[in-house]
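Visitor: I am new to this structure and should be grateful for a close look at a single part of it. Please begin with one residue and its contacts, and then follow the elements around it.

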Amino acid sequence: MDTAEILKKVRQIEIQTNKLVSETFAGEYLSAFKGQGIEFAEVREYTPGDDIRSIDWNVTARTGVPYIKKYNEERELTLMIACDVSGSQRFGSSNKLKQETAAELAALFAFSAIKNSDKVGLMLFSDQVELFLPPRKGKKHVLRLIRELVAFEPRRQGTDIGLCLETLSKVIKRQGILILISDFLAPVSSFAKPFKLAARKFDLIPVVVQDPLETRLPPLHACLDVADPETGEADFWCLSSGEINQALAQHSREQTAALQALFNPYKIEPIRVDTALPPADPVIAFFKQRAKKIRR
């Protein structure tokens, strides 16, 4: 992709994302992600209906009039986006590759964050850390993030989710939100321990990007040359789609169950995105559901 194509793609994502964020995401994001604490703002006279637990007894004793303390939420958050750029991300059976869907998702989160004056950073990873951009504010910074997501050429093809999580747990000192975008096709056992450690430190949200052909093939009876995009290992299949679909369905059920077993102790609900469908819809649904839980 040359410079002109990259800039055109970045601009397209910016326009699409800004419209979504302005109309829907900014408010949902604000409701779904609360600040990390509260800070003292002022004292004012008590009025009927105020929570008596907020009474400032020192000021009340001095003045002889009941006063309460007021606090503001510390709104500023740090949003870190970790995006898988391994070989399996360059697969797509519809009009988008998984990496293109991931870029659009990352842009939605990033623009929502800066709309609410939060910092946003980016890590791209394969089986090594390919790129790390520390969290910062501002539209210019977000456009840099999107440009990297669109145009970055990884040096390696493999996947190491565990290494990504270990690195972020070390370099990000403050608690914050961690959006982990991947197809999560790697064995869960290979990243379970660092995932658990990261889930204790961050508000960790896995975003599972999946192509329809990874769970079901169209009707066919033929011989296929297939290759693993990460290892390069090739194979030759002469099976009906029914036989392959049984194997795919079984593998998908097992992987989903293993992931859910990893998520459950931390009450983590993943966002599942199908590359053949609009990527914003499951994110909006997630934000709405999360905001409801916070209000309860």
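**From one loop to the helices around it**

Guide: Setting aside residues up to four places away in sequence, E76 touches S117, D118, K119, K137 and R174. The model is a predicted one, and E76 is found in its loop between β2 (67-74) and β3. Is E76 buried, exposed or partly exposed? Its relative accessibility is 30%, so E76 counts as partly exposed, since the buried class is reserved for values under 20% and the exposed class for values over 50%. N116 stands 40 residues from E76 along the chain, yet the C-alpha atoms of the two are separated by 8.0 Å.

The strand β3 leads onward to another loop, the one between β3 and α3, where S86 has its place. Unlike E76, which is partly exposed, S86 is buried, because its relative accessible area is 0%. When neighbours within four places in sequence are left aside, the contacts of S86 are F125, S126, Q157, G158, T159 and E230.

Strand β3 (78-84) also has a part in covering the buried residues of helix α5, and the cover further includes β4 (119-125), β5 (129-136), β6 (177-182) and α6 (192-201). Which residues of α5 are covered in this way? Within this helix, residues 161-171, the buried ones are I161, G162, C164, L165 and L168. They lie on the same side of α5, because the arc they cover around the axis is only 160 degrees. At the N-terminal end of α5, D160 acts as the cap: one of its side-chain oxygens is 3.3 Å from the backbone nitrogen of G162.

Beyond the loop that holds S86 comes helix α3. Helix α3 (residues 98-115) packs with helix α4 (residues 139-151), their axes lying 10 Å apart at an angle of about 170 degrees. The two helices are therefore roughly antiparallel. On the α3 side, the residues that meet α4 are A103, A106, A107, A110, F111 and I114; their partners in α4 are K139, V142, L143, I146 and L149. By class, the residues of this contact comprise ten nonpolar, no polar and one charged.

These parts belong to a chain with eight helices and ten strands. Of its 296 residues, 43% count as buried. Among contacts between residues at least 6 apart in sequence, 75% join residues at least 24 apart.

Terms used:
Residues numbered from 1 in each chain as written. Predicted model: local features only at pLDDT ≥ 70, side-chain atom pairs only at ≥ 80, totals over all residues. Heavy atoms only, no water. Buried < 20%, exposed > 50% of the residue type's maximum accessible area, 1.4 Å probe, protein only. Helix = DSSP H or I, 4+ residues; strand = E, 2+ residues; numbered from the N terminus. Arc of directions from axis to C-beta. Contact = heavy atoms within 4.5 Å. Polar contact = N/O pair within 3.5 Å; in protein donor to acceptor, adjacent residues only side chain to side chain. Axes fitted to C-alpha atoms, helices over the stretch in contact; angles between N-to-C directions. Parallel < 35°, antiparallel > 145°, perpendicular 65-115°, else oblique. Nonpolar A, V, L, I, M, F, W, Y, C, P; charged D, E, K, R; others polar.
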